Amino acid sequence: MKKTVTLLLICLFLAASSLTFANQEMVDVEKYKQEGPYTVGYDIYFVGNTWSMQLYWEFLQAVKDNEELIEEVFYTESEGNAAKQVANIRDLTAKDVDILIVTPNSPSAVVPVLQRAVEKGIVVVLCGAKAASNDYTVYVDTDAFEFGKVGAEWLVQNMGTEGKIIALSGIAGLSTTEERWAGAKSVFDNYPGIEVVSHVYAEWAYDKAKIAAQNVLPSNPDIDGIWSGGGAMTQAFAEVMIDYGMPLVPMTGEDSNGFLKLWKEHLDEGFDSIATSKPTWLSAEALKAGLNVMQGIETPVNILIPVPTIVSAQLDEYVREDLPDSYWCNSRLDEELIKQMFQR
């Protein structure tokens, strides 16, 4: 299913991309340029939620799409464990891969092993999360601060600039989590009428957010809004509110199919939201960046993709009634692969 995009959004995206590219520090590609095909090391940082799994699937498709440039891919899996990831990066570096793609589970723990990879001349691409040093070649991500800020601005305006908010964050300590919350707070702190009555970490996961909702909502029955740092957390809170007979309040979400279905189902009742997105195809962009560097193609050191958003008028372009809740709707997966992976 192809998605339509308004001309305005296309223009804004191109303008933002051009501006970013024009002002960016560029990789010294001549330092890395060599003939292909290339070997790639990819650490599967976490498969504990559906977003991270689809990130991995998007990478697999990108490998297939670029198979003429790739000789071999070595895979490791870190299971969200920083110590295991350090060992995995060390192993991939020892294999003398040309390109190493990593999503740091801990910004600090990976620094020594990334430094070693850079010293060996490996193209190190950070995908979707930062490290606490400049020991990388390319960083590919959406702007986490902006992600949090965009949702918070929408929420504040839809609440009439005052009221009580529950805030939901992802994995504590991860750079993406904390920067999204910092972006949201930069908005909330400007409105004295906004009160954050509870801030919980639910790891972006549906099951953990459902437990959090059952714990938090009974003591906060009169909330006016929910800010979410993404994942499947908003869907879980909305479902618990419905189960408790609470009215759905303005809340922010991400592009999970389960949440978009719920949003569409309750749209006629006056429920509204905004879905900001950290697209699962970031892994494909990370691979593309690494391959570009190896081929000597001009590449920015930091590639920040403008935060995609979905509003109610666009729901029909993204929601997939034929797919399970676990699908992430801002995807580039081939339709055939989508159906194979999400067969009911």
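These legends go with a handful of close-up views of a predicted model.

**View 1. A closed space inside the protein, with a volume of about 150 Å³.**
Rolling a probe the size of a water molecule over the atoms shows where empty space is left. In this model there is one cavity of 30 Å³ or more. Its lining is made up of 15 residues, and those nearest the centre are Tyr45, Trp51, Arg180, Trp204 and Lys278. Two elements each give two or more residues to that lining: helix 2 (50-65) and helix 6 (175-188). By type, the lining splits into seven nonpolar, five polar and three charged residues.

**View 2. Helix 5 and helix 6 meet in a right-handed crossing.**
Here we stay with helix 6, which also turned up in the cavity lining. The axes of helix 5 (residues 144-158) and helix 6 come within 7 Å, crossing at roughly 35°. From helix 5, the contact takes in Ala144, Phe145, Phe147, Gly148, Lys149, Ala152, Glu153, Leu155 and Val156. Helix 6 answers with Thr176, Glu179, Arg180, Ala182, Gly183, Ala184, Ser186, Val187 and Phe188. Sort the contact residues by type and you get 10 nonpolar, four polar and four charged. One name may look familiar: Arg180 is part of this contact, and Arg180 is also among the residues nearest the cavity centre.

**View 3. Helix 7 and helix 8 cross obliquely.**
The axes of helix 7 (residues 206-216) and helix 8 come within 8 Å and cross at roughly 40°. Angles from 35 up to 65 degrees count as oblique, so that is the word for this pair. The crossing is right-handed. On the helix 7 side, look for Tyr206, Ala209, Lys210, Ala212, Ala213 and Gln214. They meet Met233, Gln235, Ala236, Phe237, Glu239 and Val240 in helix 8. The residues of this contact divide into eight nonpolar, two polar and two charged.

**View 4. Helix 8 has another partner in helix 9, and this crossing is left-handed.**
Helix 8 (residues 233-243) and helix 9 (residues 257-266) have axes that come within 9 Å and cross at roughly 40°. These two helices are therefore oblique to each other. Helix 8 brings Thr234, Gln235, Ala238, Glu239 and Ile242 to the contact, while helix 9 brings Gly258, Phe259, Leu262 and His266. That makes four nonpolar residues, four polar and one charged. Gln235 and Glu239 of helix 8 take part here, and both also belong to the contact with helix 7.

**View 5. A cis peptide bond sits between glycine 36 and proline 37.**
Most peptide bonds are trans. The bond shown here is cis, with omega at about 5°. To find the spot, follow the loop between helix 1 (7-23) and strand 1 (38-44), where proline 37 is placed.

**View 6. Aspartate 96 has a positive phi.**
Most residues other than glycine have a negative phi. For aspartate 96, though, phi is near 55°. This residue is found in the loop between helix 3 (82-94) and strand 3 (99-102).

How values were computed:
Residues are numbered from 1 along each chain as its sequence is written. This is a predicted model: local features need pLDDT of at least 70, side-chain atom pairs count only at pLDDT 80 or more; totals for chains, interfaces and linings use all residues. Side-chain values use heavy atoms; hydrogens and water are left out. On a 1 Å grid over the protein atoms alone, a cavity is a set of points where a 1.4 Å probe fits but cannot get out, and a pocket is an open set with protein on both sides within 12 Å along at least five of seven lines; lining residues have an atom within 4 Å of a point. Grid points are joined across faces, edges and corners, and a volume is the space filled by probe spheres set on the points. Helices (H or I, at least four residues) and strands (E, at least two) are DSSP runs, numbered from the N terminus. Ala, Val, Leu, Ile, Met, Phe, Trp, Tyr, Cys and Pro count as nonpolar, Asp, Glu, Lys and Arg as charged, and the others, Gly among them, as polar. Axes are lines fitted to C-alpha atoms, for helices over the stretch in contact, and angles run from 0 to 180 degrees between N-to-C directions. Angles under 35 degrees count as roughly parallel, over 145 as roughly antiparallel, 65 to 115 as roughly perpendicular and the rest as oblique. A crossing is left-handed if the near helix is turned anticlockwise from the far one by less than a right angle, and right-handed if clockwise. Contact means heavy atoms within 4.5 Å.
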